[in-house]
Structures are given as structure tokens and as C-alpha cells.
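Q: The questions below ask why certain terms apply to parts of this model. Each answer sets a value against a cut-off.

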Amino acid sequence: MSIERVCIRSVDQHEAEFIEMAKAIWENPEVGYKEFFASQLYAEALKKYGFAVELGAFGMPTAIRAVWGKGYPSIGFCGEYDALPGLSQKLVPHKEPVVEGGVGHGCGHNLLGVGCLAAAVALKEELESTGKEGTVVFYGTPAEELLTGKGFMAKEGAFRDVDVMIAWHPGAASRISLGSMNGVEGLVVKFHGKTAHAAMNPQDGRSALDALQLMNMGVEFLREHVTSDIRIHYVITRGGMVPNIVPDLCEGKYMVRGLDREVIVDVMNRVKDCAEGAAKMTGTTVEFVPEGGVYPTMQNKVLADVMQQVREQLPAIEYTEEELKWADEMNRTNPRFREGMVPVDSTVLPVIYANNAASSDFGDVMHIVPAVNITETTSALLSGGHSWMITACSGSSIGFKGMLRAGKVMAAGAMALVDDHSLVEKAKEEFKQAMKGTEYICPITDDIPKPF
């Protein structure tokens, strides 16, 4: 495969527009299910580039499905554009929010979505130029940070109309991992008790807080009896009003993560057992409000190898002295900084096998269709996930350079699939083997209220 492709030149030709778009989304960050500015911007851009666009797809106001072309193969790109609360940050290499406690792109989704848009447009322009057959589908997916956006879309039939799905994520390294990110399941637990004066007639009360604390003690003991990949997180979101009133309503929020969907569900059922036992011990009642979950990710090696070949052929990103100085200053704010560190490292690393304790709702997509998710360097070396450092880098030229490279990798990798249909069939066979005869069961069930 030659790297001198129309799709590579396409990304270069539209570079200024893509950067302007990513910058506009960075300057107008929006949390999940409220990405009205971003989704409108994507819809307008996709229409301009000749796609048939549905904004508000699958009953979600900020979801997008855009299509161009016809025939086999059908290749999808999965864009995200939501930001995170509390990560507002100016374009400076030290912590300085634009708005204290405000929203910021601390996961680089302003880059992620536009990178996928760039790939979709570039693939379309090469197919158009060469007259080759193929269908390009861009999915704009809301609320990845809330881990339910793609689940709600999948519940309505999304992602089943493509042969393969391609995505990427901004990061501090340029690599592909064939390991898995954790799946997750969320639950709100509410205990209902009976109020009483905590000093004068405590015998008449039934403390919802006692129940919640006993439940959490049970969860702590449960940690000893789960597999090592399992993570259980919880917070008390409602713990009573004042100490001299026995609380009649207390609430906690729970998450179970792991590498196997069935195990995750089993552990969450055991968390529920802890709650029911606590309710019985305290004379209270318990209510469960499911929040849904996501599957672990499942990388497709055939597709990963295609992307890796492209990444190794593309020239490395070159940074200016100013960019390197800026990144070095940022790295120095991190306690892990050591003199002599490379400020930004865009070295193309070999494909690795490493699991990741974090989660992404792209795992659901990966259990519906063969899919790959690559990482490209967009930030200073010591930028930690979900941090002000990521926010700053995502609005910088360092971030934009990584975004454009990601667009080229995905577009050229997609064209390799168009040129050699056997790669698509091999990816599908690998997917079939990985699923082991099972089918995707959407974690977003009918009893989960829509947050949009």
C-alpha cells in the first residue's frame, strides 16, 4: 500500500477547516447529552462535504448518522464530542481555569470527533476520485463520559449497518493495544427508613443511613472474593440532613468494572445482596435504580494490523521549539517529572497487549461489529487522563497535529480495506470467533430512564 494517497492529501487540504472546528468545540465545551453546539457544527460540516445527515438520530437530540456512497464495504467512523465538568482550562501550561469548576475537554473529545470527521471526509474524497465502490458512515455519539450514549443508540439499532468500525482516542503516546478496557455496570441504591428524634425517641426510627453504611461494609468485605480485575466504586450521594434526625432516605451510587461482562453482572448482583441484607438488618426497605453499563472493549487484530502498517509509513509529527518548551513547562508541574524527559513523544510504538482499567462505551460497538480503536499523541508526555493538562493540550497546536495524523491513519487504513476486501472478511471471521457464539445484549434496558 502506497502512503501517497488522495485521502492523505485530503486531510492536508482541509487542515485549516478541521483545526478551526476542533478549536470552536474546545472553546464551547458541553457535557454529555447537551452537545447542541458541537452536534450542529458536525451536521453542517458533513452536509457541506456531501453527506446525507440525520441530526437527532435514534431518538437522541445530539446523535448523528451521516452517510455517503454505496456498496461494499461499508466503513464507519465513531466520533465523540462531550466534555467533562470541573476541567475548564485556559490555553496555558499551568493550571488556570477559564471558569472555576467549569466544563473542559479533559479527554480531548474535541479532537476525537473532528479526527473521525476528517477520516470520513478523506475516505469519501478518495472513493469519489478513484470511482471505487464503498459506503462511508459517520456516527456522532453523545455522552461517552457518561458511558451510556452508544448504549442508547445501540438499543435503537445503531452500528449494525457497517462492515467495520474505526475510531481513535487522543493520548500521550502513539500506539495500539490489543488488550481490553474494562466493562462497567452502574446502580443507584436508595434506602427508605423512618424519621425520629435521634435523642428523645430513637427507638421509633429506622435509619436509612445505618442501612447504607452496613451495605458499604458488606461491599468492602466483598472485594476479597472477586477476581483481581474487578473494581468496585461507590459514593454516598445522600446521607441525611442533620444528625439529630434519624434519616429516612439515603442514597449511594455504585459502579462495578471488570474484563468480563457476565462477571460484572454477577458481582453487581452480589452488591445488591449486600443492600438487601442491610435493609433486613435495619428494618428499612431498599430500591434499586439501574443506570446501565458498557461492555469491555474487544480490539480486532486484523484491523489493528492494517492501521499499524499505515502508522509506521506516515512521517512522524514534527514539533516546533515553542511547542516543546510549552510541553516541558507543563510536564514540570507533574511530580513524576525528571530532567531529560522528552516533552512530547509521538514515536510510533509497536502493537502491545495491555489491559486498561478505564472504560468506554465503544466496547458496546466492538461487540456489534468488528472494530478498532487507535491512540495518537496529542498531549505532553506526563498529561494524566481527565486532567487540566489534557484540556490545555486539546486546544493547542500539539493536539491539532495529533488529530490530523489520526485522521490520515484512519482514512488510509480504511482505503486498504476498500482495496482488499479479504481483510474485511478476515476481520469479520475474527470477530465471529471472539464472540464465541454469543450475541450482544444491550445493557440499556427498558427500565433505565432516558437522560435526554
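A: Helices here are DSSP runs of H or I with at least four residues, numbered from the N terminus. Val302 is found in one of them, helix H8, residues 301-313. The model is a predicted one.

Q: Why is Val302 called buried or exposed?
A: Buried means under 20% relative accessible area. Val302 has 18% relative accessibility, so Val302 counts as buried. Val302 and Ala412 are 110 residues apart in sequence, and their C-alpha atoms lie 15 Å apart in space.

Q: What makes H2 parallel, antiparallel, perpendicular or oblique to H12?
A: Helix H2 (residues 15-27) packs with helix H12 (residues 397-419) at an angle of about 125 degrees, and their axes are 10 Å apart. Roughly perpendicular covers 65 to 115 degrees, and roughly antiparallel needs over 145. The angle therefore makes H2 oblique to H12. The crossing of H2 and H12 is right-handed.

Q: What makes H1 roughly parallel or roughly antiparallel to H12?
A: Helix H1 (residues 6-13) and H12 pack at about 155 degrees, with 8 Å between their axes. Angles over 145 degrees count as roughly antiparallel, so H1 is roughly antiparallel to H12. The crossing of H1 and H12 is right-handed.

Q: How do you know that the side chains of Asp161 and Arg65 meet in a salt bridge?
A: A salt bridge needs a side-chain nitrogen of Lys or Arg within 4 Å of a carboxyl oxygen of Asp or Glu. For Asp161 and Arg65 the N to O distance is 2.6 Å, so the pair is a salt bridge by that cut-off.

Q: Why does the pair of Asp161 and Arg65 tie together parts that are apart in sequence?
A: Asp161 lies in the loop between H5 and E7, while Arg65 belongs to strand E2, so the pair ties together parts 96 residues apart in sequence.

Q: Why are Asp161 and Arg65 called partly exposed?
A: Partly exposed lies between the limits for buried, under 20%, and exposed, over 50%. Asp161 has 29% relative accessibility, so Asp161 counts as partly exposed. Arg65 has a relative accessible area of 26%, so Arg65 is partly exposed too.

Q: What makes the pair of Glu80 and Lys150 a salt bridge?
A: The side chains of Glu80 and Lys150 meet at 2.8 Å, N to O, and the cut-off is 4 Å. This pair links distant parts of the chain, with Glu80 in strand E3 and Lys150 in helix H5, 70 residues apart. Both Glu80 and Lys150 are buried.

Q: How do you know that Lys132 and Asp419 meet in a salt bridge, and which parts of the chain does the pair link?
A: The N to O distance between the side chains of Lys132 and Asp419 is 2.5 Å, and the limit is 4 Å. Lys132 is in the loop between helix H4 (109-130) and E6, Asp419 is in helix H12, and the two are 287 residues apart. Lys132 and Asp419 also belong to a network of salt bridges with Arg5 and Glu126. The structure holds 22 salt bridges.

Q: Why are Lys132 and Asp419 called partly exposed?
A: The class runs between under 20% for buried and over 50% for exposed. Lys132 has 37% relative accessibility and therefore counts as partly exposed. Asp419, at 38%, counts as partly exposed as well.

Q: Why is Leu147 called buried or exposed?
A: Leu147 has 12% relative accessibility, so Leu147 counts as buried, the cut-off being under 20%. Leu147 sits in the loop between strand E6 (134-141) and helix H5 (149-155). Its phi is positive, about 65 degrees, although Leu147 is not a glycine.

Q: Why is Phe159 called buried or exposed?
A: The relative accessible area of Phe159 is 0%, so Phe159 is buried. Phe159 lies in the loop between H5 and strand E7 (164-171). The phi of Phe159 is also positive, near 75 degrees, in a residue other than glycine.

Q: What makes Val242 eligible for a nonpolar patch on the surface?
A: Patch residues need over 30% relative accessible area and no salt bridge. Val242 is partly exposed at 38%, so Val242 passes the area cut-off. Met241, Val242 and Ile245 form the patch, with about 320 Å² of accessible area together. Val242 lies in the loop between strand E9 (231-238) and strand E10 (249-258).

Conventions. Residues are numbered from 1 along each chain as its sequence is written. This is a predicted model: local features need pLDDT of at least 70, side-chain atom pairs count only at pLDDT 80 or more; totals for chains, interfaces and linings use all residues. Side-chain values use heavy atoms; hydrogens and water are left out. Patches are made of residues with over 30% relative accessible area and no salt bridge: like charges are joined within 9 Å, nonpolar side chains (Val, Leu, Ile, Met, Phe, Trp, Tyr) within 5 Å. Accessible areas come from the Shrake-Rupley method with a 1.4 Å probe; for residues, only the protein chains shown count as cover. Buried means under 20% relative accessible area, exposed over 50%, partly exposed in between (1.4 Å probe, protein chains only). Axes are lines fitted to C-alpha atoms, for helices over the stretch in contact, and angles run from 0 to 180 degrees between N-to-C directions. Angles under 35 degrees count as roughly parallel, over 145 as roughly antiparallel, 65 to 115 as roughly perpendicular and the rest as oblique. A crossing is left-handed if the near helix is turned anticlockwise from the far one by less than a right angle, and right-handed if clockwise.
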